[in-house]
Amino acid sequence: MEAQALGSALFPFSRSLQSGFRTLSESLASAGYGLVLLGQSLTWLKVAWKRRNVVVQQMYMCGIGSLGVCLVVAVFTGMILSIQAGRELARFQQQALVGSLVSVTMAREMGPFMTAIILAACVGSAMAAEIGTMRVSEEIDALEVMSIDPAMYLVMPRVLAMILVCPALTVVTDVVAVTGGAVVCKSLLGVSYYTYFDNALDILELKDLYSGLFKAAVFGITVATIGCTQGMRTTGGAAGVGVATRNAVVHSLLMILVFGYFLTRFFYDVA
């Protein structure tokens, strides 16, 4: 009886342990598959010019399709930063420094971070759904039968497009956010546009600009690779496509945070 009771008590723990090991194994397998897929797609960059029409099409879908959301998020992010920082700095009669704070924050961290989040939600999920649908409908199997490498045909154009689009959208996000902060600073804090933009440009260093753009490029690669990986590994029909889409967004957000921390530490603690 005691053995049965002990077995009953340990059974839920055993199931949880097995589930945890299964999840860890699947995560490692997915990460390994994604790295291999990224490496294969990068080796096919040599044919990118021949497939430039597809790359441009992907750039249009990733960039123009996400531009409206980026503009709205950027302007309100800049306004929120401006009003929050301005209220505190006004207590010390330093509200003129709001432009410096907003520009540095957006260029170093918030610009690439917010842009990557938007692309993960809008583009990464779409990549996972599109490629996942092709996987479950056996279209990718047909490509392989015809000796067409899916990494070249599907993944490489998307990865290259995201490498180019994410930094470009980050620049737009930074400029719009700083401009939105200027409007709030002028209307609520009484700081002139000249003073605001003069401080905003004076504080920026070259490292702030290239570190933010490098982060954006890394985030773009991350979102595209995870989206394509989840799509390529889709199983289980329509339900599997939904799971792949969700995983693409969740994993992208997690990796953006992780890479953002390590890149920030590298540029401002090591480099």
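A salt bridge here is a side-chain nitrogen of Lys or Arg within 4 Å of a carboxyl oxygen of Asp or Glu. The exercises below apply this rule to a predicted model.

**Exercise 1. Find how many salt bridges the rule gives, then test the pair Arg-108 and Asp-208.**

Step 1. The count comes to five salt bridges.

Step 2. Take the distance for the pair. The closest N and O atoms of Arg-108 and Asp-208 are 2.7 Å apart. The cut-off is 4 Å, so the pair qualifies.

Step 3. Place the partners. Arg-108 sits in helix H3 (residues 98-136) and Asp-208 in helix H7 (residues 206-232), so the bridge ties together parts 100 residues apart in sequence.

Step 4. Classify exposure. Arg-108 has a relative accessible area of 31%, which makes Arg-108 partly exposed. Asp-208 is buried, at 1%.

**Exercise 2. Work out where Lys-215 and Glu-109 lie, and whether each is buried or partly exposed.**

Step 1. Their side chains form a salt bridge, with N to O at 2.5 Å.

Step 2. Lys-215 belongs to helix H7 and Glu-109 to helix H3; the two are 106 residues apart, so distant parts of the chain are linked.

Step 3. Buried means under 20% relative accessible area. Lys-215 has 0%, so Lys-215 is buried. Glu-109 has 26% and is partly exposed.

**Exercise 3. Repeat the analysis for Arg-158 and Glu-130.**

Step 1. The N to O distance in this salt bridge is 3.1 Å.

Step 2. Arg-158 is in helix H5 (residues 150-189) and Glu-130 in helix H3, so the pair joins parts 28 residues apart in sequence.

Step 3. Arg-158 counts as buried at 5% relative accessibility. Glu-130, at 36%, is partly exposed.

**Exercise 4. Describe the largest pocket: volume, centre, lining.**

Step 1. The volume is about 760 Å³.

Step 2. There are 25 lining residues; Ser-27, Ser-30, Ala-31, Gln-230 and His-251 are the closest to the centre.

Step 3. Helix H1 (2-43), H7 and helix H8 (237-270) each supply at least two lining residues.

Step 4. By class, the lining holds ten nonpolar, 13 polar and two charged residues.

**Exercise 5. Do the same for the second largest pocket, and name the element with the largest share of its lining.**

Step 1. This pocket has a volume of about 260 Å³.

Step 2. Its lining has 17 residues, with Ala-107, Asp-174, Val-175, Leu-204 and Leu-209 nearest the centre.

Step 3. Two or more lining residues come from each of H3, H5, helix H6 (193-203) and H7. H5 gives the largest share, six residues.

Step 4. The classes are eleven nonpolar, four polar and two charged.

Key
Residues are numbered from 1 along each chain as its sequence is written. This is a predicted model: local features need pLDDT of at least 70, side-chain atom pairs count only at pLDDT 80 or more; totals for chains, interfaces and linings use all residues. Side-chain values use heavy atoms; hydrogens and water are left out. Helices (H or I, at least four residues) and strands (E, at least two) are DSSP runs, numbered from the N terminus. Buried means under 20% relative accessible area, exposed over 50%, partly exposed in between (1.4 Å probe, protein chains only). On a 1 Å grid over the protein atoms alone, a cavity is a set of points where a 1.4 Å probe fits but cannot get out, and a pocket is an open set with protein on both sides within 12 Å along at least five of seven lines; lining residues have an atom within 4 Å of a point. Grid points are joined across faces, edges and corners, and a volume is the space filled by probe spheres set on the points. Ala, Val, Leu, Ile, Met, Phe, Trp, Tyr, Cys and Pro count as nonpolar, Asp, Glu, Lys and Arg as charged, and the others, Gly among them, as polar.
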